[in-house]
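Here are some exercises to work through with the model open beside you. Try each task before reading its solution.

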Amino acid sequence: MGKMYAEYIRQEPEMLKRILAARRELSEPLLRFTADRPVEQVFFLGSGSSWHCGLVCAGLAQEALGVRVECLTSTMAEQKEFSRDGLYFAISQSGTSNSTLGLIQRAREAGGMVVALTACAQSPAAQAAELTVPVLCGEEVIGPKSKGVLATVMTLGLLLLELGHRAGRLDDEAFEAHLREWERVCGCVAEAAREGERFFRVHGQELVRAPEWMLLAGPGQIGVARECALKMLETCWSPAYAWEFEEYMHGGHYTLGPGRRIFYLFPEDGVRERMETLYRFALEQGAACWALGLNDEAEWIWNIPGARGTAGALSWLAFFQALSNCCSEARKIDCDVPRYPLFHEKMGTKSFKIP
């Protein structure tokens, strides 16, 4: 059950090391491409996991470049004006998303700099963009994407660091500090996945019988929370929701009570104290609550090995990928096989199938 999904998760540590080693090769074409035009805005364009990758990297883009950053799906982009001074990252692992292709066309018509991030160099997205940066994840033929998501986040992160360093926004010290965290996370993702498996061994019975799950996260973690929720949904075929925790407290909290299963993705600082208050309040209402944190020493938090900053997102992803695989297997669901094989064909969401 889900043998390919599990195998792809196991491939992630070595894949990330290869991407890190190829950092200069991946970034040099982009540095040349943007050399003569200042980057005034950054747009991440995509749907599903691709959109989540943009959300994960938005904070790093703002830090590295000091410009306005927007993460847009095709629906969100309908009321947006695309401008010539924007750098547009069109993200599509397969390169076949019709909605993303439409956004590429709009960005090019506006005169913006359009870069496709895709694992398929011959895909429609690669052909439509001005520049293609490969996502070096290798083959991934099943629906729930795992290693491709990590590869996309790392590739985007490294590209943004190189752009920020070249622009002088990140000095040598800051640049090297960020790189050390990406190097560090290469050694953490396998441990994070093992923690996901261990978590299931402890809490599996509760997880398997849950009709749905909820993930609450701090403002800088909503992208990773959305992707982790999507993995639970795609592999276990039950609803999973992600909320930014402040937003949850303005109406979402009415769902609290017995039978609710909630994961709390605790940040390293910032809103942590308020999240803890919410966590303990939810416990008092009878909800099943699981507190998770990266490199966290608190006894009441399940610790996940990780890196600091955006690189830490890869540990969150690996943890929930492994957890979702265990839960899917326990439910006797083969997540390697599409639940609705003809869905994309009938809905016209893909331009063609990748063999």
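## A buried pair

Both Glu162 and Arg23 are buried. Keep in mind that this is a predicted model.

**Exercise 1.** Find out how close the N and O atoms of Glu162 and Arg23 come, and say what kind of interaction they form.

*Solution.* Start with the distance: the closest N and O atoms of Glu162 and Arg23 are 2.4 Å apart. A salt bridge needs a Lys or Arg side-chain nitrogen within 4 Å of a carboxyl oxygen of Asp or Glu, and Glu162 does form a salt bridge with Arg23. Next, place the partners: Glu162 belongs to helix H7 and Arg23 to helix H2, so the pair links distant parts of the chain, 139 residues apart. By the same rule, the count comes to 15 salt bridges.

## Pairs within a helix

**Exercise 2.** Work out how Lys231 and Glu227 are placed along helix H10, and whether each is buried or exposed.

*Solution.* First, the general principle: an α-helix has 3.6 residues a turn, so residues three or four places apart point the same way. Now apply it: Lys231 and Glu227 are separated by about one helical turn because they are four residues apart in helix H10. Their side chains form a salt bridge, with the closest N and O atoms 2.4 Å apart. Then check the accessibility, where buried means under 20%. Lys231 is buried at 1% relative accessible area, and Glu227 is buried at 1% as well.

**Exercise 3.** Repeat the analysis for Arg184 and Glu181 in helix H8.

*Solution.* Begin with the spacing: these two residues are three apart in helix H8, so about one helical turn separates Arg184 from Glu181. The side chains meet in a salt bridge, 3.6 Å from N to O. Finally, classify each partner. Arg184 has a relative accessibility of 37% and therefore counts as partly exposed, while Glu181, with 19%, is buried.

## Helix H1

**Exercise 4.** Test whether the end-to-end distance of helix H1 agrees with its number of residues, then find where H1 bends and what covers its buried residues.

*Solution.* Helix H1 covers residues 3-21, which is 19 residues. At 1.5 Å a residue, H1 should span 27 Å; the end C-alpha atoms are 28 Å apart, so the two values agree. Next, look for the bend: a kink of about 45 degrees lies at Glu12, shortly before the proline Pro13. Glu12 and Pro13 are both buried, and other buried residues of H1 include Tyr5, Tyr8, Ile9, Met15 and Leu16. The cover over the buried residues of H1 includes helices H2, H7, H8, H9, H10 and H13.

## Loops and surface

**Exercise 5.** Where do Trp237 and Lys332 lie, and what is the phi of each?

*Solution.* Take Trp237 first: this residue is in the loop between H10 and strand S7. Trp237 is not a glycine, yet has a positive phi of about 60 degrees, and is partly exposed at 33%. Lys332 sits in the loop between H13 and H14. Lys332 also has a positive phi of about 60 degrees without being a glycine, and is exposed at 70%.

**Exercise 6.** Which residues form a nonpolar surface patch with Phe343?

*Solution.* The partners are Tyr340 and Met347, and the three residues together have about 360 Å² of accessible area. Phe343 itself lies in helix H14 and is partly exposed, with a relative accessible area of 43%.

How values were computed: Residues numbered from 1 in each chain as written. Predicted model: local features only at pLDDT ≥ 70, side-chain atom pairs only at ≥ 80, totals over all residues. Heavy atoms only, no water. Patch = residues over 30% accessible without salt bridge, like charges linked within 9 Å, V, L, I, M, F, W, Y side chains within 5 Å. Areas by Shrake-Rupley, 256 points an atom, 1.4 Å probe, with all protein chains shown as cover. Buried < 20%, exposed > 50% of the residue type's maximum accessible area, 1.4 Å probe, protein only. Expected span 1.5 Å × (residues − 1). Bend = angle between axes of the 7 residues up to and from the residue. Contact = heavy atoms within 4.5 Å.
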